[in-house]
Amino acid sequence: MQALWMVLAAFLFATMGVCVKIASAHFNAAELVCYRGLIGMGILWLLARSQKVSLGTAYPGMHAWRSSVGVVSLGAWFYAIAHLPLATAMTLNYMSSVWIAAFLVGGTLLAWRPSAATPRPALQGTLIVTVLAGFVGVVMMLRPSLDQNQAFAGMIGLMSGLSAAFAYMQVVALSRLGEPESRTVFYFALGSAVAGGGALLFTGTSAWPGWQALWLLPIGILAAGGQLCMTRAYASAKTQRGTLVVANLQYSGIVFAALYSVLLFGDVLPPIAWVGMVLIVGSGIAATVLRARAAPGTPAEEH
């Protein structure tokens, strides 16, 4: 069942991407972030109340930092979805696992202080190959985008995965302090609503499009539903092997996004982009396995 819950979560996140792409024709990224946050706050408040989880926290600064980085990732992702093929934008966001692996390599080397008593740490060849394969995949995916003058959107999409990695590390820290996931996600939704609303002071608001505004509602609902299904999947996984299976099934979201991209939006991705996508998925799965071995019991990544 945990595998089915994760596949359902991936499907909901990919479907949310479809709604974001359609709604982006009528609203800018700041508006989408703000409305997703407002809808998410309502759903998570009801969830926390049903679970009898207090929304009060002893770590407001950590939640503020997690929300700030998460909002940057979310806004960048929504911008990329609006200006890139859906499959490309989704894949770049799922690069967060590869970024985390890159941080592990870089952090190990930065922490080393040359001396006779502390030999140089192992270069972790498998991890390095994983990271390099992921970035080769990025180059292959963005090459067709560069030909279509979408280089800036591609860099923004890549930044969404980078900032998602920073946000994930903060989620890990909050989880180890005993913060319930519903509380952490609620404050992220609150930060999205506040930051998105503040950004509107600079970007302005779009003309109200009428019934097309209804596309905003499923963005918040699908995001909350995907997060709940993901949480249920991890809670149902009783062994480390089961947890790894669940973690890797999150990449089925890229498959759903690719199908949506081709069937709904008529996107045409050249063969080199598909190969790049496969490389990123493979490196993401490898990075997830290596991370789980190094730090078992860490929470799920959000999308």
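1. Let's start at a loop. Leu-269 sits in the loop between α11 and α12. Buried or exposed, which word fits Leu-269? Its relative accessible area is 11%, so Leu-269 counts as buried. Please keep in mind as you read on that this is a predicted model.

2. What does Leu-269 touch, once its neighbours within four places in sequence are left aside? Leu-269 is in contact with Pro-85, Ala-87, Thr-88, Trp-274 and Met-277. One of these partners, Thr-88, is 181 residues away from Leu-269 along the chain, yet their C-alpha atoms are separated by 8.9 Å. Try finding both residues in the sequence and then in the 3D view.

3. Thr-88 leads us to helix α4, which spans residues 86–93. How many of the eight residues of α4 are buried? The count is eight of eight, and the helix is described as mostly covered. The buried set runs through Leu-86, Ala-87, Thr-88, Ala-89, Met-90, Thr-91, Leu-92 and Asn-93.

4. Another residue in the loop between α11 (252–263) and α12 (271–294) is Asp-267. Asp-267 is buried but has no salt bridge. Where is the nearest side chain of opposite charge? That side chain belongs to Lys-21, 5.4 Å away from Asp-267. A salt bridge needs the side-chain nitrogen within 4 Å of a carboxyl oxygen, so this pair does not count as one.

5. Asp-267 does have a polar partner: its side chain makes a polar contact with the side chain of Ser-261, at 2.5 Å. Leaving aside neighbours within four places in sequence, the contacts of Asp-267 are Pro-85, Leu-86, Ser-261 and Val-262. Pro-85 is also in contact with Leu-269, and Leu-86 is one of the buried residues of α4.

6. Val-262 turns up again on the surface. There, Val-255, Leu-259, Val-262, Leu-263, Leu-264 and Trp-274 form a nonpolar patch with about 580 Å² of accessible area together. Which helix gives the most to the nonpolar patch? Helix α11 does, with four residues. Val-255 is found in α11. Trp-274, another member of the patch, is in contact with Leu-269.

7. Here is a general idea to carry with you while looking at helices. An α-helix has 3.6 residues a turn, so residues three or four places apart point the same way.

8. How many salt bridges does the structure hold? There is one. It joins Arg-183 and Glu-179, whose closest N and O atoms are 2.7 Å apart. Both Arg-183 and Glu-179 are buried.

9. Next, look at Leu-12 in helix α1, residues 2–23. With 15% relative accessibility, Leu-12 counts as buried. Beyond its neighbours within four places in sequence, Leu-12 is in contact with Leu-222, Gly-225, Gly-226 and Cys-229. Leu-12 and Cys-229 are 217 residues apart in sequence, while their C-alpha atoms are 8.9 Å apart in space.

10. Ala-164 makes a similar exercise for you. Ala-164 lies in helix α7, which covers residues 151–176. It is buried, with a relative accessible area of 12%. Not counting residues up to four places away in sequence, Ala-164 touches Ser-73 and Ser-96. The C-alpha atoms of Ala-164 and Asn-93 are separated by 7.6 Å, although the two residues are 71 residues apart along the chain. Asn-93 belongs to the buried residues of α4.

11. Now for an exposed residue. Lys-52 is placed in the loop between α2 (29–50) and α3 (60–83). Why does Lys-52 count as exposed? Because its relative accessibility is 76%, and the word exposed applies over 50%. Lys-52 also has a positive phi of about 60°, although Lys-52 is not a glycine.

12. Finally, step back to the whole chain. The protein chain has 12 helices and zero strands. Buried residues make up 51% of its 303 residues. Among contacts with a separation of 6 or more, 88% are between residues 24 or more positions apart. The protein chain exposes about 13800 Å², with carbon and sulfur atoms supplying 71% of it.

Conventions
Residues numbered from 1 in each chain as written. Predicted model: local features only at pLDDT ≥ 70, side-chain atom pairs only at ≥ 80, totals over all residues. Heavy atoms only, no water. Helix = DSSP H or I, 4+ residues; strand = E, 2+ residues; numbered from the N terminus. Buried < 20%, exposed > 50% of the residue type's maximum accessible area, 1.4 Å probe, protein only. Contact = heavy atoms within 4.5 Å. Areas by Shrake-Rupley, 256 points an atom, 1.4 Å probe, with all protein chains shown as cover. Lys, Arg positive; Asp, Glu negative; His and termini not counted. Polar contact = N/O pair within 3.5 Å; in protein donor to acceptor, adjacent residues only side chain to side chain. Patch = residues over 30% accessible without salt bridge, like charges linked within 9 Å, V, L, I, M, F, W, Y side chains within 5 Å.
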